[in-house]
Amino acid sequence: MIKNKTFHILLFPSDELNIPSSEYFQVDWTLGPSVLIIGNEATGLGENAKNLACQNGGQLVHVPMANKVDSLSAAMAGTVIIYEAYRQFITTKQVRDKTRT
């Protein structure tokens, strides 16, 4: 449950909202708990998700595409984005561990 908690809310895809967004690797995923809301391929993000993000300072993220690639499936995009969050956590932990020794 998101209510009464502090989360970093991120929305994907961002292109349907026609407002600026960050590339997924530019987001600092180590800031604290995050909620990644991924819209489906057919209808995108639901109105409730958009409203939740707008009311709570949500951030839009996107995965940049190569020249001939139109888009990724929601599952593939989610995998890419979540792996980046994992990579940042591991890197941050390794840096912290090195500074302790």
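Accessible areas come from the Shrake-Rupley method with a 1.4 Å probe. With that noted, I looked up the protein chain, which is a predicted model, and its accessible surface comes to about 7100 Å². Carbon and sulfur atoms hold 55% of that surface.

**Entry 1: the chain as a whole**

I listed the secondary structure and found two helices and four strands. Along the sequence they follow the pattern β-β-β-α-β-α. The protein chain has 101 residues, and buried residues make up 29% of them. I then took the contacts with a separation of 6 or more. Of these, 83% are between residues 24 or more positions apart.

**Entry 2: Trp29**

Where does Trp29 sit? I found Trp29 in the loop between strand E2 (22-23) and strand E3 (34-38). Is Trp29 buried or exposed? Its relative accessibility is 4%, and buried means under 20%, so Trp29 counts as buried.

I listed what Trp29 touches, leaving out residues up to four places away in sequence. The list is Leu10, Tyr24, Ser34, Leu36, Ile81, Glu84, Ala85, Gln88 and Phe89. I also looked up Trp29 and Arg87, which are 58 residues apart along the chain. Their C-alpha atoms are separated by 9.3 Å.

**Entry 3: the nonpolar cores**

Which residues form the largest nonpolar core? I noted 10 residues: Leu10, Phe12, Tyr24, Val27, Trp29, Val61, Val63, Ala77, Ile81 and Ala85. At least two residues of this core come from each of strand E1 (8-12) and helix H2 (74-100). H2 gives the most, with three residues.

Next I took Phe12, again without residues up to four places away in sequence. Phe12 touches Ile37, Ile38, Gly39, Leu45, Val61, His62, Val63, Ala77 and Ile81. Apart from the largest core lies another core, of eight residues. Its members include Leu11, Ile37, Leu45 and Leu60.

**Entry 4: aromatic pairs**

A pair of aromatic rings is described by the distance of the centres and the angle of the planes. How many aromatic pairs does the structure hold? I found two aromatic pairs.

One is formed by Tyr24 and Phe25, with 5.2 Å centre to centre and 80° between the planes. This pair is edge-to-face, because planes over 60 degrees apart count as edge-to-face. I checked both residues for burial. Tyr24 has 16% relative accessibility and counts as buried, whereas Phe25 has a relative accessible area of 40% and is partly exposed.

Tyr83 and Tyr86 form the other pair, with 6.0 Å centre to centre and 45° between the planes. This pair is tilted, since 45° is neither under 30 degrees, the limit for stacked, nor over 60, the limit for edge-to-face. Both residues lie in helix H2. They are three residues apart, about one turn of the helix.

**Entry 5: a patch on the surface**

Which residues make the nonpolar surface patch of about 330 Å²? I found Tyr83, Tyr86 and Ile90. Ile90 is found in helix H2, as are Tyr83 and Tyr86. Is Tyr83 buried or exposed? Its relative accessible area is 53%, and exposed means over 50%, so Tyr83 is exposed. Ile90 has 30% relative accessibility and counts as partly exposed.

Notes. Residues numbered from 1 in each chain as written. Predicted model: local features only at pLDDT ≥ 70, side-chain atom pairs only at ≥ 80, totals over all residues. Heavy atoms only, no water. Buried < 20%, exposed > 50% of the residue type's maximum accessible area, 1.4 Å probe, protein only. Contact = heavy atoms within 4.5 Å. Core = buried A, V, L, I, M, F, W, Y, C linked by side-chain atoms within 4.5 Å. Phe/Tyr/Trp six-rings, centres within 6.5 Å; stacked < 30°, edge-to-face > 60°. Patch = residues over 30% accessible without salt bridge, like charges linked within 9 Å, V, L, I, M, F, W, Y side chains within 5 Å. Salt bridge = Lys/Arg side-chain N within 4 Å of Asp/Glu carboxyl O.
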